[in-house]
Amino acid sequence: VLPEVAAALDNFASVPLDSFGLTQYLHSNGVNMRHMGVLYWLCTAPSVKQLLLSEALARCCKSILNAQLRAHARKTKGKCILIINVICFSVVYLRF
């Protein structure tokens with residue numbers, strides 16, 4: 001399946017695809033996004049290779065950022081809850 005999808009993507013080289021369009025196209029052809037690396041090596045059109053590389057890089061950055069945010073939230077959980085309680089109680093107090 002991957003060589004056929006790579007050949008089809010090379011034929012679409014003149015058609016501008018964005019991240020959403022790429023994702024939809026790959027999923028509609030039964031290709032999981034984790035196979036973008038293989039598609040990168042199978043494709044020959046520079047524009048398609050750039051799109052695949054950009055999408056893979058964006059997804060890696062998103063995963064790293066989400067992991068760091070989760071770790072930070074775990075460390076400061078008690079402080080965040082205390083701040084939220086103070087804000088909520090002060091808002092409730094000011095309403096009455």
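Begin by selecting Arg 59, which in this predicted model is partly exposed, with a relative accessible area of 34%. Now add Glu 55 to the selection: the side chains of Glu 55 and Arg 59 meet in a salt bridge, with 2.7 Å from N to O, and the structure holds one such bridge. Both residues belong to helix H4, where they sit four residues apart, about one turn of the helix. Unlike a residue that is partly exposed, Glu 55 counts as buried, because its relative accessible area is 9% and buried means under 20%.

Next, select helix H1, residues 2-11, and colour Val 5, Ala 6, Leu 9 and Asp 10, which are the buried residues of this helix. If you look down the axis of H1, these buried residues fall within an arc of 140°, so they line one face of the helix. Turn to the face of H1 that points away from the buried side, and you will find the exposed residues Pro 3, Glu 4 and Asn 11. To see what covers the buried residues of H1, show H2, H3 and H4, which are included in that cover.

Then centre the view on Val 5, which, leaving aside its neighbours within four places in sequence, is in contact with Tyr 25, Leu 26, Asn 29, Val 31 and Leu 39.

Finally, widen the selection to the largest nonpolar core, which has 15 residues, and in which Val 5, Leu 9, Leu 26, Leu 39 and Leu 52 touch the most other members. Two or more residues of this core come from each of helices H1, H2 (19-28), H3 (36-42) and H4 (46-75).

Notes:
Residues numbered from 1 in each chain as written. Predicted model: local features only at pLDDT ≥ 70, side-chain atom pairs only at ≥ 80, totals over all residues. Heavy atoms only, no water. Core = buried A, V, L, I, M, F, W, Y, C linked by side-chain atoms within 4.5 Å. Buried < 20%, exposed > 50% of the residue type's maximum accessible area, 1.4 Å probe, protein only. Contact = heavy atoms within 4.5 Å. Salt bridge = Lys/Arg side-chain N within 4 Å of Asp/Glu carboxyl O. Arc of directions from axis to C-beta.
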